[in-house]
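Reader: I am a first-year student and would be grateful for a close look at one part of this structure. Could you please explain how one helix is placed among its neighbours?

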Amino acid sequence: MANVTVIGAQWGDEGKGKIVDWLASRADAVVRFQGGHNAGHTLVVGNQTYKLSLLPSGIVTGTLSIIGNGVVLDPWHLKAEIAKLEGQGVTINAENFAIADNCALILPLHRDLDGLRETAAGSGKIGTTGRGIGPAYEDKVGRRAIRVCDLAHLDSLDAQLDRLCAHHDALRAGFGQPPVDRQALLAELREIAPSVLQFAQPVWKRLKKVRKAGARILFEGAQGVLLDVDHGTYPFVTSSNTVSGTAASGSGLGPSAAGFVLGIVKAYTTRVGSGPFPTELADATGQKLGERGHEFGTVTGRKRRCGWFDAVLVRQSCAISGVTGIALTKLDVLDGFETVRICTGYRLRGKVLDYLPSHAADQAAVEPIYEEMEGWSGTTAGARSWADLPAQAIKYIQRVQELIETPVALVSTSPEREDTILVRDPFVD
């Protein structure tokens, strides 16, 4: 049996939650390997809806769920999210949930800095969720982070706090803010520590044991490849690597553990926040896509920008992340359109490109080259086999996989777990 690594192949919000939930019901362990609580997932199981932003999706089904060392962890948000899920009847304990003890923490000072920077940037803002993710990653690579394991040694934290506060006090002064209140921070950490430490352990060791036993591991990525700090639309990106290769470094297992790489791809394109978007539709069609797709962020509630499917971007994402097969989601949103369009290339100052250039000015200047296809009047909502799909919808799917040079493994036709057409089973590849 293969392990599976799930990543978003666009700008996030591709419908990973439903697919990960569907796969998690067949996995033995689910691992988050990057990002933080800026990654919203909505799971619909029967008549119950769960909104997750930090906990791995497997937690809802009682599957062993692990937060890997590549994640930045807000302990206060963790406590609140656990409490909310427990209120919905979900059992969370040390048997089915673990946190890497070398995981970096998101602190109140990170949230403060995130907000101060975005406010000061004005029209140049990145469009972050304001949850401190970026500043926490900065402190991690700057070697001044407070980690989960430090919560058990708060009495010997002075040297680390000296480094941390020396950096943040200077930044805060530049924004006209007072220095970090060290004693208040320590008090907050002492109060929250038991809530986190009960789950803390060297998860690489637990995962090694799980893998040795032949269990199926699902690696759950957050955001999307186009938000990767190296490969995305920089600087309008997240602060971590969102590509599949991060599953190895962010969990403590080697690259051979990644298994089948499943790229989640929406049948059209959306984006939240600032940054280039070649196929964006600022018209009635874009409005229709947003309304039919209920395109509002799980974490922020922000309205998502909408546009036609961009095969250039998805082909690029699949190549960069080594995608084995895609899960095409929200196909039903395109039901009823007389014609549908797919971006097959770009024009940039008279030159035709088959990729998105790296420079932000070039990314903003590209013009999409479209291929138009006949739409379908029938419905795809709730389809569970090819026979349930209109002929033109099948043609659309086939054309998508041709253009992105990656086969379709799954097709999702509603938020319901069972409304899925299985073409190729990632776990038995």
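Author: The following account examines helix α5, then its partner α3, and finally a further pair of helices.

The model is predicted, and the description should be read with that in mind. Helix α5 covers residues 158-174, a run of 17 residues. From its first C-alpha to its last it reaches 24 Å, close to the 24 Å expected at 1.5 Å a residue.

Which residues of α5 are buried? They are Gln-160, Leu-161, Leu-164, Cys-165, His-168 and Arg-172. A general point helps in reading such a list: an α-helix has 3.6 residues a turn, so residues three or four places apart point the same way. The buried residues of α5 pack against three helices, namely α3 (108-121), α4 (133-141) and α6 (182-197). Just after α5, Gly-176 takes a positive phi of about 75°.

The partner α3 deserves its own description. Its 14 residues should span 20 Å at 1.5 Å a residue, and the end C-alpha atoms are indeed 20 Å apart. Within α3, the buried residues are Pro-108, Leu-109, His-110, Leu-113, Asp-114 and Glu-118. Their cover includes α5 itself, together with α2, α4, α6 and the strand β8 (104-105). Just after α3, Gly-122 has a positive phi of about 60°.

How are two packed helices described? One gives the angle between their axes and the distance between the axes. For α3 and α5, the angle is about 30° and the axes lie 11 Å apart. Angles under 35 degrees count as roughly parallel, and α3 and α5 are therefore roughly parallel to each other. The crossing in which α3 passes α5 is left-handed. On the α3 side, the contact is made by Leu-109, His-110, Asp-112, Leu-113 and Arg-117; these meet Leu-164, His-168, Leu-171 and Arg-172 of α5. The residues of this contact divide into four nonpolar, two polar and three charged.

A second pair, α2 and α6, may be set beside this one. Helix α2 comprises residues 75-87, and its axis and that of α6 come within 9 Å and cross at roughly 45°. The two helices are therefore oblique to each other. Here too the crossing, of α2 past α6, is left-handed. Pro-75, Trp-76, Leu-78 and Lys-79 of α2 meet Glu-188, Leu-189, Ile-192, Ser-195 and Val-196 of α6. The residues of the contact between α2 and α6 comprise six nonpolar, one polar and two charged.

Key: Residues are numbered from 1 along each chain as its sequence is written. This is a predicted model: local features need pLDDT of at least 70, side-chain atom pairs count only at pLDDT 80 or more; totals for chains, interfaces and linings use all residues. Side-chain values use heavy atoms; hydrogens and water are left out. Helices (H or I, at least four residues) and strands (E, at least two) are DSSP runs, numbered from the N terminus. The expected span of a helix is 1.5 Å times one less than its number of residues. Buried means under 20% relative accessible area, exposed over 50%, partly exposed in between (1.4 Å probe, protein chains only). Contact means heavy atoms within 4.5 Å. Axes are lines fitted to C-alpha atoms, for helices over the stretch in contact, and angles run from 0 to 180 degrees between N-to-C directions. Angles under 35 degrees count as roughly parallel, over 145 as roughly antiparallel, 65 to 115 as roughly perpendicular and the rest as oblique. A crossing is left-handed if the near helix is turned anticlockwise from the far one by less than a right angle, and right-handed if clockwise. Ala, Val, Leu, Ile, Met, Phe, Trp, Tyr, Cys and Pro count as nonpolar, Asp, Glu, Lys and Arg as charged, and the others, Gly among them, as polar.
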